[in-house]
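Trainee: I would like to go through this model step by step. Please show the sequence and the structure before the questions start.

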Amino acid sequence: MNEERLDILLVDDQNEDLLAHEAILAPLGQRIYKAKGGCEALRLVLERDFAAILLDVQMPGMDGFETADAIRAREKSRLTPILFLTGMRFANPDVFRGYTSGAVDYLVKPVDPEILRSKVDVFTRLARQRRELERVNAALADANRRLASTNQDLDAFSRRVSHDLQGPIAVIDGFARIVAEEGKDSLGPTNLEYLGVMRKAAARMGELVRDLLQLSRVTHGELAWTEVDLAEMALPILLELRRSSPGRVVETTVASRLPVRADAKLVKIALENLIGNAWKYTSKRERSKIEVGREPDGRGQTVFFVRDDGIGFDPRKTERMFQPFERFHSADEYPGTGVGLATVQRIVERHGGRIWARSAPGEGATFYFTLESEG
Ligand SMILES: Nc1ncnc2c1ncn2[C@@H]1O[C@H](COP(=O)(O)OP(=O)(O)O)[C@@H](O)[C@H]1O
Ligand SMILES: [Mg+2]
């Protein structure tokens, strides 16, 4: 690997020591700077970012400790590793105990060349790792910032568009209806059929716009945390579905209590979507079963689920399913916009939970999610 050379600073008032230490460190292949005293050292520290500093303790004028304090006082060199080189007089760990921030070590002079070299080698390795980490972090922060602003733009855009489209769609539908009514004797069957197609298209567009608006709404605003019983919430949703398709035979099982801490409005939207899907994707069966419940995940957490015995889906599609507009069943057989699961995922994730699904074609589907369980 072609590693970039790092800068190492040697500070000593004795010229022979400077030269001796430089010679010892030469095999490491780093760039070595020398300073004859504290002031000169500080000047160099202002100019560049050293990977390690070797500091003689006993120097006339500014001694090693004072120099270290000055180096540490500067934000950029606050964590630069310092290796004190000291005579026997200061060879006591207590002396260095005050330097708790960042890497500090000491060696007694005259130094053992092997030990000096390996200590400096460790320090420079650490410096290299820290720099690499800083680079990665900066790149990550930058990517995050860009992503956040793109998401914001996108959200604002879709909210605006959805909102502004609702009016015109209602106008198209309204006038198509009026024309159909007024002309029901004069227009003839073909024209009436065309008007019917127009109204269907307008209704479809209205649905898309409504779902998109809902998708963008669930990402905004503070969460209003309260205690919510998912079981209590599921019952009226199922009742409403029963009322909307009275011909169906669906056996429903809902756990007696499913208490969580969550935003009630958002969780209701999530349950409506999951239970709505279970209802929809079992509609081709003569009799079907839907279950809403919970189970332990084996790691002390509670996992909630909505299970059905409908047509199921190809498990390879699980990942994509949670993306907006991804649909795996035909719109003729199963109407929908493909925005539902994306909405559910956003809601669950905003609560700090996870959602996933398990299925096989023809074998029903189970959607699992976690929320803050309340016992
Ligand atoms: N309970 C389910 N059983 C089988 N497939 C499902 C189920 N729920 C969702 N899917 C599949 O995931 C797709 C995305 O679901 P969703 O986002 O709710 O959109 P929509 O219900 O409008 O189709 C559906 O089109 C369907 O193919
Ligand atoms: Mg749906």
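**Helix H9 and its surroundings**

Mentor: In H9, the buried residues are Gly340, Leu341, Ala342, Thr343, Val344, Gln345, Arg346, Ile347 and Val348. A residue is buried if 20 or more other C-beta atoms lie within 10 Å of its own, exposed if 12 or fewer and partly exposed in between, with C-beta atoms placed from the backbone. Helices (H or I, at least four residues) and strands (E, at least two) are DSSP runs, numbered from the N terminus. This is a predicted model, in which local features need pLDDT of at least 70 and side-chain atom pairs count only at pLDDT 80 or more, while totals for chains, interfaces and linings use all residues. Residues are numbered from 1 along each chain as its sequence is written, and chains are lettered from A and ligands numbered from 1 in the order in which they are written.

Trainee: Which helices and strands do the buried residues of H9 pack against?

Mentor: Helix H9 spans residues 340–350, and nine of its eleven residues are buried. Contact here requires C-beta atoms, placed from the backbone, within 7 Å. The packing partners are helix H5 (189–217), H7, helix H8 (318–321), strand E11 (355–359) and strand E12 (365–369).

Trainee: Which helix gives the most to the largest nonpolar core?

Mentor: A nonpolar core is a set of buried Ala, Val, Leu, Ile, Met, Phe, Trp, Tyr and Cys residues joined through C-beta atoms within 7 Å. The largest one has 41 residues, and Leu230, Val267, Ala270, Leu271, Leu274, Ile275 and Ile347 have the most contacts inside it. Nine residues of this core come from the helix that gives the most, H7 (residues 264–280).

Trainee: Which residues does Leu271 touch, leaving out those up to four places away in sequence?

Mentor: Leu271 is among the residues with the most contacts inside the largest core. Outside the excluded stretch of up to four places, Leu271 touches Leu230, Met233, Ala234 and Ile237.

Trainee: How far apart do the C-alpha centres of domain 1 and domain 3 lie?

Mentor: The protein is divided into domain 1 (7–111), domain 2 (138–217) and domain 3 (225–373), with bounds from an automatic or database domain assignment. Between the C-alpha centres of domain 1 and domain 3 the distance is 64 Å.

Trainee: Why is the protein described as more spread out than a compact globule?

Mentor: The protein has nine helices and 13 strands. The globule rule, 2.2 Å times the number of residues to the power 0.38, is compared with a radius of gyration taken over C-alpha atoms. For 375 residues the rule gives 21 Å, so the protein is more spread out than a compact globule, its radius of gyration being 35 Å.

Trainee: In which sense do E1 and E2 pair, parallel or antiparallel?

Mentor: Two strands pair if DSSP finds at least two bridges between them. Strand E1 (residues 7–11) and strand E2 (residues 31–35) are joined over five bridges, and Leu9 stands opposite Tyr33 in E2. The sense of the E1 and E2 pairing is parallel.

Trainee: Which strands stand at the edges of the open sheet E6-E8-E13?

Mentor: This open sheet has three strands with antiparallel pairing. Five bridges join E6 to strand E8 (residues 259–263), where Asp263 is the bridge partner of Trp225. Each edge strand has a single partner strand, so one side of each is left without a neighbour in the sheet; the edge strands are E6 (225–229) and E13 (372–373).

Terms used: Two residues are in contact if their C-beta atoms, placed from the backbone, lie within 7 Å.
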